[in-house]
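Here are a few exercises to work through with the coordinates open in your viewer. Try each task before reading its solution.

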Amino acid sequence: MTKYVSIITAFLFFPAALSADFGLRIDGPADTGGGNPPVYVTQELGWDSGIKSYSICWYDPTNRWLAVDFDASDVTTTPVITKARFFTRDDWPNEGYDGFKVAIYSWSNDEPGTIIWPEDDDEGQLFVPGGLPHGDVWADMQINWTYSDPRFVVAVNQYYDEPDCDPLALDDNDVPSEHSWMFVNNDWDLFDPSSLNIDYANLMIRAVVQDMGTEHTFTPASFGQIKALYK
């Protein structure tokens, strides 16, 4: 199974020096060996291929969740979960976005445990995608929450009845990652697509995490994005 990790840096812009003709006093130039602020590494965690095969939704979403588990230990032992990311669409099973519930679950006994975010809320937080292109898209929900364990689960509850709901997606890989889950009949099990008569079993749910404890200095030569692919 392929795991994608994106390492993202940031752009910095510096104003041009103003001329002495304006009557301004200057001191410099600055030491070129210093002054660069720290940059914190942000990584996107996912178990899907990035290519959609099917969109899916429940006929009855009551107390049913779809989820993917993650391990951020390669980044940090106390990740800042900055975003939850989902592949969805606004043109099926109805037009427009209705919204769904999102929650972060703990990882316990090799399966999703209990809701740990939102804190003191066991029903998740309602999220309605907006401002996105028409059709198939990645939708980002801001989390910005620090967790004390690198293992966690991002879960989505459809919330609204079909067809007035937003779907999730399966990727085009027919080899199960064994990181996709479903909560049905008050129990967590690995996602099983057999009732859909298809082989694809990897949910397109991702997490973006950040390590705020490690500073990474950079120079203008490192501006941009570096992407690494791990098997």
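**Exercise 1. Buried or exposed: classify Arg 85 and Glu 44, then describe how their side chains interact.**

Solution. Start with accessibility: Arg 85 is buried, and Glu 44 is buried too. Keep in mind that this is a predicted model. Next, check the charged atoms: Arg 85 and Glu 44 form a salt bridge, with 3.0 Å between the closest N and O atoms. Finally, place the partners: Arg 85 sits in strand β5 (residues 80-89) and Glu 44 in strand β2 (residues 42-45), so this link joins distant parts of the chain, 41 residues apart.

**Exercise 2. Find which residue pairs with Lys 83 in a salt bridge, and which network the pair belongs to.**

Solution. The partner is Asp 140, at 3.6 Å from N to O. Lys 83 belongs to strand β5 and Asp 140 to strand β9, 57 residues apart. Now for the accessibility classes. Lys 83 has a relative accessible area of 24%, so the residue is partly exposed. Asp 140, at 29%, counts as partly exposed as well. Following shared partners from here gives one network of Glu 44, Asp 48, Lys 83, Arg 85, Asp 140 and Arg 206. Over the whole structure, a search finds nine salt bridges.

**Exercise 3. Locate the salt bridge of Lys 52 and decide how its two partners are classed by accessibility.**

Solution. Lys 52 meets Asp 136, and their closest N and O atoms are 3.1 Å apart. The two residues come from distant parts of the chain: Lys 52 from strand β3 (residues 52-56) and Asp 136 from strand β9, 84 residues apart. For the class, recall that partly exposed lies between the limits of 20% and 50%. Lys 52 has 24% relative accessible area, so this residue is partly exposed. Asp 136 has 39%, so the same class applies.

**Exercise 4. Describe the largest nonpolar core and the surroundings of Phe 86.**

Solution. The largest core has 37 residues, and Phe 86, Phe 152 and Val 154 have the most contacts inside it. Its largest share, four residues, is supplied by strand β9 (residues 136-146). Apart from this core lies another, of eleven residues, including Trp 65 and Tyr 105. Turning to Phe 86, its contacts beyond four places in sequence include Phe 100, Trp 138, Leu 168 and Ile 205.

**Exercise 5. Work out how Trp 65 and Tyr 105 are oriented, and do likewise for Phe 86 and Phe 127.**

Solution. The whole structure holds twelve aromatic pairs. In one of them, Trp 65 and Tyr 105 are edge-to-face, at 5.7 Å centre to centre and 75 degrees between the planes. Trp 65 is in strand β4 (residues 65-71) and Tyr 105 in strand β6 (residues 100-108), so the pair ties together parts 40 residues apart in sequence. Trp 65 is buried, at 5% relative accessible area, and so is Tyr 105, at 7%. The Phe 86 and Phe 127 pair is tilted: 6.3 Å centre to centre, 45 degrees between the planes. Phe 86 lies in strand β5 and Phe 127 in strand β8, so parts 41 residues apart are tied together. Both Phe 86 and Phe 127 are buried. As a last step, extend the Trp 65 and Tyr 105 pair: with Phe 183 and Trp 188 they form one aromatic cluster.

Conventions:
Residues numbered from 1 in each chain as written. Predicted model: local features only at pLDDT ≥ 70, side-chain atom pairs only at ≥ 80, totals over all residues. Heavy atoms only, no water. Core = buried A, V, L, I, M, F, W, Y, C linked by side-chain atoms within 4.5 Å. Buried < 20%, exposed > 50% of the residue type's maximum accessible area, 1.4 Å probe, protein only. Contact = heavy atoms within 4.5 Å. Salt bridge = Lys/Arg side-chain N within 4 Å of Asp/Glu carboxyl O. Phe/Tyr/Trp six-rings, centres within 6.5 Å; stacked < 30°, edge-to-face > 60°.
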